[in-house]
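Colleague: I have a model on the screen. Can we go through what its labels rest on?

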Amino acid sequence: MAQVTLKNASVELAIYNSRGRGLKNEILRRAVGGSLEDTRDRSVTVVHALDAINLEVSSGERIGLIGHNGAGKTTLLRVLGRIYPPTSGEATITGRVSSLIDLSMGMDSESTGYENIVLRGVMLGLTRTQARALIPDVEEFSELGEYLNLPVRAYSSGMLLRLAFAVSTAVRPDIVILDEVIGVGDASFAQRAEQRLHGMIDKAEIMFLASHANNSIRRFCQRTLWLAGGKIVMDGPTDEVMDKYESANAAAAQEQAG
């Protein structure tokens, strides 16, 4: 059974040689989320990307993540995807995870498409034998044909995305992690990709979706976390959380306009 437990999980990122104008610090904060801390070493900025997150998620749940840019959504997804370990606290994640945040992670530009199927599969937690077993499925879905014999540095960005998406969705995970609903390639491929993605989500025990599209959160998620400044502001049923989030945004917009 898939299970996620975070206990006072925090992530602090040290950004070196980042001192300077306030604008640069603001860009850094927005890029990774959380808040900034001055250190004695003026060449270092510490970003509190997540701050003492407590979370329990069980099999069957579909979790939405909302919040403005810099709220900590992507950092939390990377903790859930085992990309970032907490710098303090605990993260216990039980089950095979498929993260569709960084689709091309683990790929080598000098290796062929076939070799990268295995590399990416191993990155997703498979053995080499299991990863090689993905090849027929990826061949059929990606429709890359003879290009799979070439180094991926010869691929267009669209071809690379096709390959990465095909491998990532060929795995049957217990936990699916998404940062926005993915659009891939031309209209024909995008339609097949959407069907494949929905099939993977349906079979997964747990899903996390971070999105700025409120309708996507309402459509796919029954429970939603509202993040701000690396902290959970509200955790509850999606409609309840979304109503308060949208009301707060409307009030802030009205105050700014006034």
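**Strands, sheet and pocket**

Modeller: Start with one pair: Gln3 stands opposite Ser58 in S3. This is a predicted model, in which local features need pLDDT of at least 70, side-chain atom pairs count only at pLDDT 80 or more, and totals for chains, interfaces and linings use all residues. Residues are numbered from 1 along each chain as its sequence is written, and side-chain values use heavy atoms, with hydrogens and water left out.

Colleague: What makes S1 and S3 a pair?

Modeller: Two strands pair if DSSP finds at least two bridges between them. S1 (residues 3-16) and S3 (residues 44-58) have 11 bridges, in the antiparallel sense. Strands are DSSP runs of E, at least two residues, and helices are runs of H or I, at least four, numbered from the N terminus.

Colleague: How do you know that S1 also pairs with S5?

Modeller: Six bridges join S1 to S5 (residues 88-94), and the two run antiparallel. Ser10 stands opposite Ser88 in S5.

Colleague: Why are S6 and S10 called edges?

Modeller: The open sheet has six strands, ordered S6-S7-S8-S4-S9-S10, with mixed pairing. S6 and S10 (231-237) each have a single partner strand, so one side of each lacks a neighbour in the sheet. The partner of S6 is S7 (residues 175-179), joined by three parallel bridges. Val97 has Ile175 as its bridge partner in S7.

Colleague: What does it mean that H7 lies across S7, and at what angle?

Modeller: Contact means heavy atoms within 4.5 Å. H7 (residues 187-203) lies across S4, S6, S7 and S8, at about 135 degrees to S7. Axes are lines fitted to C-alpha atoms, for helices over the stretch in contact, and angles run from 0 to 180 degrees between N-to-C directions. H9 (residues 238-257) lies across S4, S9 and S10, at about 130 degrees to S10.

Colleague: What makes a residue part of the lining of a pocket?

Modeller: A pocket is an open set of points on a 1 Å grid over the protein atoms alone, where a 1.4 Å probe fits, with protein on both sides within 12 Å along at least five of seven lines; lining residues have an atom within 4 Å of a point. For the largest pocket, S6 gives the largest share of the lining, three residues.

Colleague: Why is the largest pocket said to lie between domains?

Modeller: Domain 1 (3-96 + 212-256) and domain 2 (98-171) both give residues to its lining, so the largest pocket lies between them. The bounds come from an automatic or database domain assignment.
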